[in-house]
Amino acid sequence: MKPHVIKDGSAGSLISDILSAGFDIEAVFSIHMSLSIAETLLSVYRSLLPSYSQSIQHLTTGPVMALLISSGSAASGGRCVESFRALCGPLEPELGRILEPNSLRAKYGLDLVHNAVHCTDLEEDGELETRYIFETLASL
Amino acid sequence: MVLTNYANSFTREYMTSREVHFLVVIPSSRFRSFPKVLNTARQFSLSLARVRTAGSSVRDFLECGDVVMEVVGISGHNGDEFPVAMAKVDSEIIVQNSPMEEITVCLPTLPLSLFLPTYLSCHCRTIWRSAPLVPVALAPLSVS
């Protein structure tokens with residue numbers, strides 16, 4: 001959950017939406033990211049995101065809240081990442097408000113940089129990102 | 001005229017002296033109330049400072065899963081009513097007015113089941129719960 005959501009006071013509503021969609025939240029952790037941590041987290045998107053540097057900067061402007069999410073009743077067959085990405089909606093909130101108005105980014109995002117949430121891209125990355133954030137960063 | 005202080009440091013010290021810090025402990029069985037805690041804090045103009053699930057590994061989170069958080073507000077605003085409001089939202093959630101140093105101690109990586117009894121017995125001042133406190137056995141605090 002990106003800093004602007006926490007600053008706006010929308011964190012409770014966003015988490016409520018996640019739980020209502022049938023996902024379970026196994027753990028939470030807040031951290032005020034440094035530039036190096038934010039770059040490490042988003043490094044794979046360097047050549048993919050047009051707003052990469054602004055996104056990195058935004059992640060350092062306040063605390064982010066990391067949520068460890070499991071599929072609960074929301075997804076079957078172990079496709080938690082895919083199901084949750086669907087709940088997050090398109091990267092661009094404006095597009096999400098047209099195509100997926102109930103998605104998290106459509107409801108809580110402002111623009112491409114302040115798009116409410118970052119979520120794991122690929123199923124195989126789920127465990128890696130989990131361990132990085134909830135074990136490596138949490139122990140700092 | 002003698003310059004005694006700069007406005008920004010004076011303001012910072014003034015505001016810091018008026019800060020009120022609340023420790024909130026959400027048992028894992030009451031996690032569904034976590035959004036209500038955040039929304040209630042917002043209603044009372046409290047900001048989320050820190051939050052984490054007790055434990056140092058994903059396995060700890062799944063086995064224990066208690067959530068410890070700190071919310072911060074300014075004394076004298078209606079934030080002082082936050083503990084009373086939280087008791088009405090969910091009586092199983094512990095809310096305590098604590099100084100920042102105690103909250104820093106209370107955000108360990110150890111599983112909360114080892115830590116909470118010691119903390120409550122040694123540092124408890126005011127705990128806002130509608131349910132009576134259940135005596136808990138002191139568990140030795142060990143670091144592995």
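These are my notebook entries on a predicted model with chains A and B.

**Entry 1: chain B as a whole**

I began with the elements of chain B. I found six helices and five strands. Read from the N terminus, their order is α-β-α-β-α-β-α-β-α-α-β. Next I looked up burial. Chain B has 144 residues, and 44% of them count as buried. I then turned to contacts in chain B with a separation of 6 or more. Residues 24 or more positions apart supply 74% of these. Last came the surface. Chain B has an accessible surface of about 8000 Å², and carbon and sulfur atoms hold 58% of that.

**Entry 2: strand E1 of chain B**

I picked strand E1 of chain B, residues 19-26. How many of its eight residues are buried? I counted seven, so the strand is largely enclosed by the rest of the structure. Then I looked for its partners. E1(B) runs antiparallel to strand E3 (residues 67-74) of chain B, and eight bridges join them. In this pairing, B:Val25 faces B:Val68 of E3(B) from the opposite position. E1(B) also pairs with strand E4 (residues 94-97) of chain B, again antiparallel, over four bridges. Here B:Val24 stands opposite B:Val95.

**Entry 3: the nonpolar cores**

I looked up the largest nonpolar core. It has 44 residues. Which residues have the most contacts inside it? I noted A:Ile18, A:Met65, B:Phe34, B:Met69 and B:Phe82. Helix H2 of chain A (residues 11-20) gives the largest share of this core, five residues. Another core lies apart from it, with 22 residues. Among them are A:Tyr52, A:Leu59, A:Phe134 and B:Phe61. A general point for my margin: in soluble globular proteins, nonpolar side chains tend to be buried together.

**Entry 4: B:Phe82 and B:Thr40**

I followed B:Phe82 outward, skipping neighbours within four places in sequence. Its contacts include B:Phe22, B:Val24, B:Val71 and B:Val95. B:Thr40 is also on that list, and I checked it next. B:Thr40 sits in helix H2 (residues 34-43) of chain B. Is B:Thr40 buried or exposed? Its relative accessible area is 7%, so B:Thr40 is buried. Leaving out residues up to four places away, B:Thr40 touches B:Phe82, B:Ala85, B:Met86 and B:Val89.

**Entry 5: a patch on chain A**

I finished at the surface of chain A. A:Leu95, A:Ile98 and A:Leu99 make a nonpolar patch of about 320 Å² there. I looked closer at A:Leu95, which belongs to helix H6 (residues 93-99) of chain A. The relative accessible area of A:Leu95 is 42%, so I wrote it down as partly exposed.

Conventions:
Residues are numbered from 1 along each chain as its sequence is written. Chains are lettered from A and ligands numbered from 1 in the order in which they are written. This is a predicted model: local features need pLDDT of at least 70, side-chain atom pairs count only at pLDDT 80 or more; totals for chains, interfaces and linings use all residues. Side-chain values use heavy atoms; hydrogens and water are left out. Helices (H or I, at least four residues) and strands (E, at least two) are DSSP runs, numbered from the N terminus. Buried means under 20% relative accessible area, exposed over 50%, partly exposed in between (1.4 Å probe, protein chains only). Contact means heavy atoms within 4.5 Å. Patches are made of residues with over 30% relative accessible area and no salt bridge: like charges are joined within 9 Å, nonpolar side chains (Val, Leu, Ile, Met, Phe, Trp, Tyr) within 5 Å. Accessible areas come from the Shrake-Rupley method with a 1.4 Å probe; for residues, only the protein chains shown count as cover. A salt bridge is a side-chain nitrogen of Lys or Arg within 4 Å of a carboxyl oxygen of Asp or Glu. A nonpolar core is a set of buried Ala, Val, Leu, Ile, Met, Phe, Trp, Tyr and Cys residues joined through side-chain atoms within 4.5 Å. Two strands pair if DSSP finds at least two bridges between them.
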